[in-house]
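Q: Please take a close look at the ligand site of this model. What surrounds the ligand, and what lines the space that the ligand takes?

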Amino acid sequence: MTKEEKVTSEKVGIYPGSFDPITFGHLDIIERSSKMFDRLIVGVLCNKAKKPLFSAEERVRMIQSVTSHLDNVEVCSFDGLLVDFAKLEKASVIVRGLRAVTDFEYELQMAQTNRTMCPEIDTIFLTTNLSYAYLSSSIVREVAQYEGKISQFIPAQIVPLVEEKCRCPKD
Ligand code: ADP
């Protein structure tokens with residue numbers, strides 16, 4: 001098989017999100033879905049309208065540092081339509097995590113919209129690890145802001161960064 005044939009036969013998945021910051025819930029989805037693809041791309045949505053606490057570059061670096069043990073995982077930032085980014089990366093599957101029914105309505109709407117725009121790309125949902133069903137980036141930011149312990153929510157190597165940023169958000 002030529003290199004070109006190998007590239008075109010690769011199964012590529014995309015796990016998009018804000019990851020502001022990445023939590024153990026996200027990491028669990030990355031670890032599980034990375035086993036389903038030749039390559040998994042974690043797509044960090046720039047989305048300045050959402051006014052993220054961390055810049056896209058900071059979020060990419062944090063995710064890279066906590067996924068360095070996963071050989072087939074790449075981390076990139078993107079702006080614009082997810083389906084355009086997926087096509088650019090030759091991904092055929094979008095991965096999303098579901099924590100509770102509250103996630104479902106929005107996720108279903110997004111999946112159907114993306115499928116209408118781009119029928120060759122499918123969305124799959126992985127249910128959360130029950131240990132992290134309650135966990136979100138906003139909860140981590142809130143706890144950190146009030147100097148609560150966040151090491152049970154996010155990987156140890158990014159705890160100091162998140163603590164510092166949440167306590168002095170302008171830095
Ligand atoms: P977005 O702004 O796209 O919702 P998030 O970073 O909040 O970005 O989430 C990215 C994806 O990860 C979403 O599919 C979300 O449902 C999922 N996710 C977030 N937290 C968890 C968790 N604790 N367990 C499983 N999936 C999660």
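A: For the classes used below, Ala, Val, Leu, Ile, Met, Phe, Trp, Tyr, Cys and Pro count as nonpolar, Asp, Glu, Lys and Arg count as charged, and the others, Gly among them, count as polar. On this basis the lining of the largest pocket divides into 19 nonpolar, 15 polar and 9 charged residues. The model is predicted, and the ligand takes up the space of this largest pocket.

The pocket itself may be described before its occupant. The largest pocket holds about 1,000 Å³ of space. Its lining comprises 43 residues, of which Pro16, Gly17, Ser18, Lys50 and Arg96 are the closest to the pocket centre. Two or more lining residues come from each of strand 1, helix 2, strand 4, helix 5 and helix 6 (137-145). Helix 5 gives the most to this lining, with 8 residues.

The shell around the ligand can be considered next. There are 17 residues around the ligand, and those that come nearest are Tyr15, Ser18, Lys50, Gly97 and Tyr132. Ser18 and Lys50 are thus among the residues that come nearest to the ligand and also among those closest to the centre of the largest pocket. By class, the shell contains 6 nonpolar, 6 polar and 5 charged residues. At least two shell residues are supplied by each of strand 1 (12-17), helix 2 (24-34), strand 4 (93-98) and helix 5 (101-117).

Individual polar contacts add detail to this picture. Gly97, one of the residues that come nearest to the ligand, places a backbone N or O atom 2.6 Å from a ligand oxygen atom. Thr128 approaches through its side chain, with a polar atom 2.9 Å from a nitrogen atom of the ligand. At Leu135 the backbone takes part, since a polar backbone atom of this residue is 3.0 Å from a ligand nitrogen atom. These pairs count as polar contacts because their N or O atoms lie within 3.5 Å of each other.

The extent of burial can be stated for the ligand as a whole. Taken alone, the ligand exposes 550 Å², and the protein buries 89% of that area.

In summary, the ligand takes the space of the largest pocket, and strand 1, helix 2, strand 4 and helix 5 each supply at least two residues of the shell around the ligand. Polar contacts to the ligand include those from the backbone of Gly97, the side chain of Thr128 and the backbone of Leu135.

How values were computed: Residues are numbered from 1 along each chain as its sequence is written. This is a predicted model: local features need pLDDT of at least 70, side-chain atom pairs count only at pLDDT 80 or more; totals for chains, interfaces and linings use all residues. Side-chain values use heavy atoms; hydrogens and water are left out. A residue is near a molecule or strand if one of its heavy atoms lies within 4 Å of it. A polar contact is a pair of N or O atoms within 3.5 Å; within protein, one must be able to donate a hydrogen and the other to accept it, and residues adjacent in sequence count only if both atoms are side-chain atoms. Accessible areas come from the Shrake-Rupley method with a 1.4 Å probe; for residues, only the protein chains shown count as cover. On a 1 Å grid over the protein atoms alone, a cavity is a set of points where a 1.4 Å probe fits but cannot get out, and a pocket is an open set with protein on both sides within 12 Å along at least five of seven lines; lining residues have an atom within 4 Å of a point. A molecule sits in a cavity or pocket if more than half of its atoms lie within 2 Å of its grid points. Helices (H or I, at least four residues) and strands (E, at least two) are DSSP runs, numbered from the N terminus. Grid points are joined across faces, edges and corners, and a volume is the space filled by probe spheres set on the points.
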